[in-house]
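Please look through the sequence and the structure shown here before reading on. The paragraphs that follow go from the whole chain to its parts.

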Amino acid sequence: MGTKTATHSHSHAIDAAAWLREHGLRATHGRIAIVRLLDASSVPLTLADIHEKVRAKGCDFATVFRFISILETKELVQRVAWIDGTTRHEIRSRDGHHHHHYLICRTCHKVEPIDECVVERFEDQIAKERGYAGLSHSLQLSGVCPDCQKPAAKKSKKKGVRQS
(Lines give C-alpha, C1' and ligand atoms only; values in the text may rest on other atoms or scores of the structure.)
Protein backbone atom coordinates (compact mmCIF):
# COMPACT_ATOMS: atom_id res chain seq x y z
CA MET A 1 0.00 0.00 0.00
CA GLY A 2 1.51 3.32 -1.06
CA THR A 3 1.57 6.49 0.94
CA LYS A 4 -0.69 9.35 -0.05
CA THR A 5 1.79 12.15 -0.57
CA ALA A 6 1.54 15.88 -0.57
CA THR A 7 4.18 18.35 -1.52
CA HIS A 8 6.35 20.43 0.77
CA SER A 9 5.45 24.03 1.24
CA HIS A 10 8.99 25.37 1.10
CA SER A 11 9.57 28.34 -1.13
CA HIS A 12 11.56 26.61 -3.86
CA ALA A 13 12.42 23.13 -4.98
CA ILE A 14 15.92 21.86 -4.46
CA ASP A 15 18.29 21.96 -7.46
CA ALA A 16 18.84 18.22 -7.26
CA ALA A 17 21.90 18.04 -9.53
CA ALA A 18 23.68 20.87 -7.71
CA TRP A 19 22.68 19.43 -4.32
CA LEU A 20 24.14 16.04 -5.23
CA ARG A 21 27.42 17.55 -6.47
CA GLU A 22 27.62 19.80 -3.42
CA HIS A 23 27.58 16.65 -1.29
CA GLY A 24 30.17 14.85 -3.41
CA LEU A 25 27.73 12.61 -5.28
CA ARG A 26 27.33 11.92 -8.99
CA ALA A 27 24.22 13.48 -10.49
CA THR A 28 22.71 10.68 -12.59
CA HIS A 29 19.17 10.86 -13.98
CA GLY A 30 17.97 8.30 -11.44
CA ARG A 31 19.59 10.02 -8.46
CA ILE A 32 18.18 13.38 -9.53
CA ALA A 33 14.70 11.82 -9.78
CA ILE A 34 15.02 10.30 -6.29
CA VAL A 35 16.21 13.57 -4.72
CA ARG A 36 13.41 15.53 -6.43
CA LEU A 37 10.83 13.01 -5.24
CA LEU A 38 12.05 13.10 -1.63
CA ASP A 39 12.26 16.89 -1.70
CA ALA A 40 8.72 17.26 -3.06
CA SER A 41 7.13 14.80 -0.65
CA SER A 42 5.76 16.12 2.64
CA VAL A 43 5.71 12.60 4.07
CA PRO A 44 8.39 9.92 4.41
CA LEU A 45 8.36 7.30 1.66
CA THR A 46 9.08 3.58 1.70
CA LEU A 47 11.72 2.20 -0.64
CA ALA A 48 8.84 0.61 -2.61
CA ASP A 49 7.11 4.02 -2.90
CA ILE A 50 10.32 5.58 -4.17
CA HIS A 51 11.00 2.73 -6.62
CA GLU A 52 7.45 2.84 -7.98
CA LYS A 53 7.79 6.54 -8.79
CA VAL A 54 11.34 6.51 -10.27
CA ARG A 55 11.57 3.19 -12.08
CA ALA A 56 10.70 4.95 -15.36
CA LYS A 57 13.99 6.84 -14.93
CA GLY A 58 15.85 3.53 -15.11
CA CYS A 59 16.13 2.89 -11.37
CA ASP A 60 15.72 -0.69 -10.30
CA PHE A 61 14.98 -1.48 -6.65
CA ALA A 62 18.63 -2.28 -5.86
CA THR A 63 19.68 1.16 -7.15
CA VAL A 64 17.06 2.87 -5.00
CA PHE A 65 18.17 0.85 -1.97
CA ARG A 66 21.89 1.57 -2.50
CA PHE A 67 21.37 5.27 -3.14
CA ILE A 68 19.10 5.78 -0.12
CA SER A 69 21.74 3.97 1.99
CA ILE A 70 24.39 6.39 0.69
CA LEU A 71 22.16 9.37 1.52
CA GLU A 72 21.57 7.99 5.02
CA THR A 73 25.30 7.48 5.59
CA LYS A 74 25.91 11.10 4.55
CA GLU A 75 23.05 12.15 6.88
CA LEU A 76 21.17 13.76 3.98
CA VAL A 77 18.17 11.46 4.38
CA GLN A 78 16.79 10.09 7.60
CA ARG A 79 15.07 6.81 8.27
CA VAL A 80 11.69 6.97 10.00
CA ALA A 81 10.16 3.98 11.81
CA TRP A 82 6.51 4.32 10.83
CA ILE A 83 3.52 3.57 13.04
CA ASP A 84 2.51 0.62 10.81
CA GLY A 85 5.92 -1.02 11.25
CA THR A 86 7.32 0.03 7.86
CA THR A 87 10.56 1.92 7.43
CA ARG A 88 10.33 5.17 5.50
CA HIS A 89 12.77 7.83 4.38
CA GLU A 90 12.67 11.60 4.18
CA ILE A 91 15.13 14.21 3.07
CA ARG A 92 16.59 16.21 5.94
CA SER A 93 15.09 19.65 6.02
CA ARG A 94 17.05 22.64 4.80
CA ASP A 95 15.25 24.96 7.22
CA GLY A 96 17.12 23.85 10.33
CA HIS A 97 14.53 21.42 11.64
CA HIS A 98 15.98 17.95 11.97
CA HIS A 99 12.74 15.98 12.03
CA HIS A 100 9.03 16.04 11.39
CA HIS A 101 5.95 14.64 13.09
CA TYR A 102 2.85 13.23 11.41
CA LEU A 103 -0.88 12.72 11.89
CA ILE A 104 -2.07 9.55 10.12
CA CYS A 105 -5.65 8.48 9.37
CA ARG A 106 -6.13 4.82 10.29
CA THR A 107 -8.93 4.48 7.74
CA CYS A 108 -7.71 6.14 4.51
CA HIS A 109 -4.00 6.37 5.47
CA LYS A 110 -3.83 10.09 4.68
CA VAL A 111 -0.70 11.61 6.25
CA GLU A 112 -0.50 15.20 7.44
CA PRO A 113 2.76 16.74 8.68
CA ILE A 114 2.62 18.43 12.08
CA ASP A 115 4.78 21.55 12.10
CA GLU A 116 5.17 22.04 15.84
CA CYS A 117 7.38 19.94 18.08
CA VAL A 118 6.44 19.90 21.73
CA VAL A 119 8.99 17.17 22.46
CA GLU A 120 12.22 19.06 21.64
CA ARG A 121 12.54 20.85 25.01
CA PHE A 122 11.83 17.61 26.85
CA GLU A 123 14.40 15.82 24.67
CA ASP A 124 17.01 18.50 25.47
CA GLN A 125 16.22 18.24 29.19
CA ILE A 126 16.53 14.44 29.23
CA ALA A 127 19.80 14.57 27.26
CA LYS A 128 21.25 17.11 29.70
CA GLU A 129 20.04 15.28 32.84
CA ARG A 130 21.22 11.85 31.71
CA GLY A 131 24.30 12.81 29.73
CA TYR A 132 23.13 11.56 26.36
CA ALA A 133 24.37 13.06 23.09
CA GLY A 134 22.71 12.96 19.69
CA LEU A 135 19.27 12.25 21.12
CA SER A 136 16.46 12.12 18.56
CA HIS A 137 12.82 11.12 18.45
CA SER A 138 10.03 10.31 16.07
CA LEU A 139 6.34 10.93 16.61
CA GLN A 140 3.31 9.79 14.66
CA LEU A 141 -0.22 10.21 15.91
CA SER A 142 -3.01 8.12 14.43
CA GLY A 143 -6.74 8.63 14.38
CA VAL A 144 -9.66 8.92 11.98
CA CYS A 145 -9.66 12.03 9.77
CA PRO A 146 -12.75 14.24 9.39
CA ASP A 147 -13.53 12.86 5.90
CA CYS A 148 -13.51 9.25 7.14
CA GLN A 149 -15.70 10.14 10.13
CA LYS A 150 -18.54 11.40 7.92
CA PRO A 151 -19.93 8.03 6.71
CA ALA A 152 -19.53 6.52 10.21
CA ALA A 153 -21.36 9.45 11.77
CA LYS A 154 -24.27 9.02 9.33
CA LYS A 155 -24.48 5.28 10.03
CA SER A 156 -24.50 5.78 13.81
CA LYS A 157 -27.27 8.39 13.54
CA LYS A 158 -29.40 5.95 11.51
CA LYS A 159 -28.92 3.20 14.14
CA GLY A 160 -30.11 5.51 16.90
CA VAL A 161 -33.29 6.65 15.08
CA ARG A 162 -36.48 4.85 16.12
CA GLN A 163 -38.74 3.65 13.36
CA SER A 164 -42.51 4.04 14.01
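Two residues are in contact when heavy atoms of theirs lie within 4.5 Å of each other. With that meaning, and keeping in mind that this is a predicted model, one can ask how the contacts of the chain are spread along the sequence: among those between residues at least 6 apart, 55% join residues at least 24 apart. The chain has 164 residues, of which buried residues make up 34%, and it exposes about 10,900 Å², with carbon and sulfur atoms supplying 52% of that area.

The secondary structure consists of six helices and five strands, and their sequence along the chain can be written as α-α-α-α-β-β-β-β-α-β-α. It is useful to keep this pattern in mind, since the paragraphs below refer to the elements by their numbers.

Where do nonpolar residues gather? In general, nonpolar side chains in soluble globular proteins tend to be buried together. Here the largest nonpolar core has 30 residues, and the ones that touch the most other members are Ile-34, Leu-38, Ile-50 and Leu-71. Two or more residues of this core come from each of helix H1 (16-22), helix H2 (29-40), helix H3 (47-54), helix H4 (61-73), E1 and strand E3 (101-105), and the largest share, six residues, is that of H2. Leu-71 can serve as an example of how parts of the chain meet: leaving aside its neighbours within four places in sequence, Leu-71 is in contact with Trp-19, Leu-25, Leu-38, Leu-76 and Val-77.

Helix H4 also holds Phe-61, which counts as partly exposed at 38% relative accessibility. Not counting residues up to four places away in sequence, Phe-61 touches Leu-47, Ala-48 and His-51; the C-alpha atoms of Phe-61 and Ala-48, which are 13 residues apart along the chain, are separated by 7.6 Å.

Between H4 and E1 there is a loop, and Glu-75 has its place in it. Although Glu-75 is not a glycine, its phi is positive, at about 55°, and with a relative accessible area of 55% this residue is exposed.

After this loop, strand E1 (residues 77-81) pairs with strand E2 (residues 87-91) in the antiparallel sense, over five bridges. Within this pairing, Arg-79 has His-89 of E2 as its bridge partner, while Ala-81 stands opposite Thr-87 in E2. Five residues lie between the two strands of this hairpin, where Gly-85 takes a positive phi near 95°. Is E2 enclosed or open to the outside, and why? Four of its five residues are buried, so E2 is largely enclosed by the rest of the structure.

The remaining strands form an open sheet of three, in the order E4-E3-E5 and with mixed pairing. Its edge strands are strand E4 (111-114) and strand E5 (139-143), each of which pairs on one side only, and neighbouring strands of the sheet are turned by 25° against each other on average when direction is ignored. E3 and E4 run antiparallel and are joined by four bridges, in which Ile-104 has Val-111 of E4 as its bridge partner. The loop between E3 and E4 contains His-109, which has a positive phi of about 70° although it is not a glycine; at 32% relative accessibility, His-109 counts as partly exposed.

Helix H5 (residues 120-130) offers a last case, in which the position of a residue around the helix can be set beside its burial. Glu-123, Ile-126 and Ala-127 of H5 are buried. Why can these three be assigned to the same side of H5? They cover an arc of only 100° around the axis, and this places them on the same side of the helix. On the other side of H5, Arg-121, Asp-124, Lys-128 and Glu-129 are exposed. The residue that follows H5 is Gly-131, whose phi is positive, near 80°.

How values were computed: Residues are numbered from 1 along each chain as its sequence is written. Side-chain values use heavy atoms; hydrogens and water are left out. Buried means under 20% relative accessible area, exposed over 50%, partly exposed in between (1.4 Å probe, protein chains only). The arc is that of the directions from the helix axis to the C-beta atoms. Accessible areas come from the Shrake-Rupley method with a 1.4 Å probe; for residues, only the protein chains shown count as cover. Two strands pair if DSSP finds at least two bridges between them. A nonpolar core is a set of buried Ala, Val, Leu, Ile, Met, Phe, Trp, Tyr and Cys residues joined through side-chain atoms within 4.5 Å. Axes are lines fitted to C-alpha atoms, for helices over the stretch in contact, and angles run from 0 to 180 degrees between N-to-C directions.
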